[in-house]
Amino acid sequence: MKEQLSIIPKPAAIKYGEGFFKSGGIPSVIKKECDPKQIALDKDGEISLKSHEGYRLIIEKDRITAEAASKTGMHNVMETFRQLTLSEFKDGVLTLPCAEITDYPRFSWRGLMLDCSRYFYSVPFIKNLLDVLSLHHINRFHWHLTDDQGWRFKVNEYPLLTEIGSLRKNYRIPDLPPSGGFYSDDEIREVIDYAALRHIEVIPEVDLPGHASAILASYPELGCTGGPYEVEERFGIFEDVLCAGNGKIFDLLEKVLNTVTRLFPSKWVHIGGDEVLYNRWEACPKCQSRLKELGLKKSSELQSWITFKLANMLAERGKIAIGWDEILEDTERFKLPKETVVMSWRGDEGGIKASRLGHYVIMSPCTCGCYLDYRQFDNREEPGALYAKAATVCDSYSMDPVSASMNKEDAKFVIGGQGNLWSEWIYAGKIAQYMIFPRLCAIAESVWSAKEIKDFNDFEKRLTVHRQRLDNLGINQYRGPLR
Ligand SMILES: [Zn+2]
């Protein structure tokens with residue numbers, strides 16, 4: 001019997017007592033509401049505002065008590081208890097060392113992004129994933145629903161987005177029928193409800209104005225050249241984007257945002273904004289006359305104009321826009337609305353710049369182990385993106401959402417971090433699990449646990465126990481070198 005409770009992410013404090021709790025079967029836990037002040041351990045006596053998510057788990061010889069100040073806190077403590085039952089329930093007996101665990105998160109945004117455009121993951125797969133995310137106190141599911149390779153939800157006024165835009169031809173094996181699909185309104189609600197029961201908020205992403213091949217294949221008149229366009233089977237960055245000079249794009253975007261607002265209760269909507277090429281805009285008479293009309297100098301400024309309009313359209317619907325860090329560029333004329341949240345992905349620079357401009361920031365830098373499509377070890381036999389260097393479990397563990405070059409003021413704007421699974425290289429749910437675990441366990445600790453208590457050697461030890469839990473849940477996990 002191990003003395004240590006190998007919980008991931010590492011709790012704020014564990015005080016071990018004398019003896020063990022033992023019971024045949026899984027016992028019921030006594031649940032108690034408590035004062036949030038009880039679950040704040042800040043050394044300087046300051047009570048953490050995040051502690052409404054906190055909890056206390058008290059294991060005594062004859063009983064187990066869970067205390068929390070909110071439903072979310074109670075959910076978190078029960079997930080920690082579930083971890084213990086998944087690893088310490090053996091031969092019909094649960095054996096736990098007596099201990100008092102006090103715990104609360106460092107950040108409020110603890111996320112995972114899943115790209116369901118490049119690969120169309122099924123609803124049962126997503127639900128199973130949400131269940132395991134919750135076990136790690138991950139509380140945001142960022143659902144990447146549109147890209148060049150497929151549009152994944154129905155917009156009633158624009159039926160071709162799914163009739164054409166959700167399917168792509170297979171050029172390598174022409175005998176195969178087009179593949180893809182989309183989530184029905186009922187399926188989207190099913191995912192949101194399933195997530196909500198696990199205290200996970202679902203944030204949809206509609207990637208605009210680039211990565212738009214699926215939109216353009218459905219409505220070619222919205223592109224600068226008029227097409228023809230195809231839903232992309234290739235991967236990369238494509239020059240065909242929404243035509244900034246065509247006012248009709250906003251008719252479509254209005255309806256898209258109405259649909260998203262109707263389906264998703266989250267206050268945030270991710271509008272993408274990454275990897276937009278400007279050569280079509282430069283060659284397009286409509287885009288160039290828009291540029292003149294707005295008094296702009298560079299085509300790239302048209303993107304900040306579109307972002308500005310999207311952020312305001314969302315604000316009118318009571319929503320807050322999130323965008324990839326490119327949305328910070330060329331914003332002299334059309335300033336990024338203050339409430340817009342920036343997701344820093346190309347490194348931490350975007351996050352630092354955004355925080356200094358007073359935007360809330362979510363860190364998911366591809367340079368710090370947050371890109372889960374990268375191989376976990378530098379070896380050609382490992383699945384994952386061949387163009388990038390490996391991102392090890394240790395890299396994911398080393399990720400600190402508050403970058404070393406941020407000062408105290410900047411750090412206040414960092415609301416958390418997340419891992420991103422792009423799916424160009426990940427063509428099956430079982431491979432997705434392999435790419436996510438155990439790196440997500442490391443990221444969970446980077447966004448939940450206080451920096452001072454993190455220690456990779458200690459994490460490695462806890463992970464050997466935690467792996468049994470993932471095995472018991474039927475999760476396919478990577479088992480190679482961790483650094
Ligand atoms: Zn144009």
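# Reading a zinc site, a helix and a cavity

Visitor: Are Cys284 and Cys287 buried or exposed?
Guide: In this model, which is predicted, Cys284 is buried and Cys287 is buried as well. Both of these residues also take part in a metal site, since the zinc ion is coordinated through the SG atoms of Cys224, Cys243, Cys284 and Cys287, at 2.3 to 2.4 Å.

Visitor: What is the geometry at the site of the zinc ion?
Guide: For four tetrahedral donors the ideal angle at a metal is 109.5 degrees. Here the angles among the 4 donor atoms run from 106 to 112°, and the site is tetrahedral. Along the chain, the donors follow the spacing C-x18-C-x40-C-x2-C.

Visitor: How many residues of helix 9 are buried?
Guide: Of its 17 residues, 12 are buried, so helix 9 is largely enclosed by the rest of the structure. Among the buried ones are Leu302, Trp305, Ile306, Leu310 and Leu314, and the buried residues of this helix pack against elements including strand 13 (201–208), helix 6 (248–263) and strand 15 (320–324). Helix 9 covers residues 300–316 and reaches 25 Å from its first C-alpha to its last, close to the expected 24 Å, while just after the helix Gly318 takes a positive phi of about 75°.

Visitor: Which residues line the largest cavity?
Guide: The lining includes Glu53, His75, Arg110, His137, Arg198 and His199, and helix 1 (residues 71–88) gives the largest share of it, with 3 residues. The volume of this cavity is about 50 Å³, and the structure holds 3 cavities of 30 Å³ or more.

How values were computed
Residues are numbered from 1 along each chain as its sequence is written. This is a predicted model: local features need pLDDT of at least 70, side-chain atom pairs count only at pLDDT 80 or more; totals for chains, interfaces and linings use all residues. Side-chain values use heavy atoms; hydrogens and water are left out. Donors are N, O and S atoms within 2.8 Å of the metal (3.2 Å for Na, K and Ca); water is not among the atoms, so sites may look incomplete. Four donors count as tetrahedral if all angles lie between 85 and 135 degrees; four count as square planar and six as octahedral if opposite donors are over 155 degrees apart and all others between 65 and 115; anything else is irregular. Buried means under 20% relative accessible area, exposed over 50%, partly exposed in between (1.4 Å probe, protein chains only). Helices (H or I, at least four residues) and strands (E, at least two) are DSSP runs, numbered from the N terminus. The expected span of a helix is 1.5 Å times one less than its number of residues. Contact means heavy atoms within 4.5 Å. On a 1 Å grid over the protein atoms alone, a cavity is a set of points where a 1.4 Å probe fits but cannot get out, and a pocket is an open set with protein on both sides within 12 Å along at least five of seven lines; lining residues have an atom within 4 Å of a point. Grid points are joined across faces, edges and corners, and a volume is the space filled by probe spheres set on the points.
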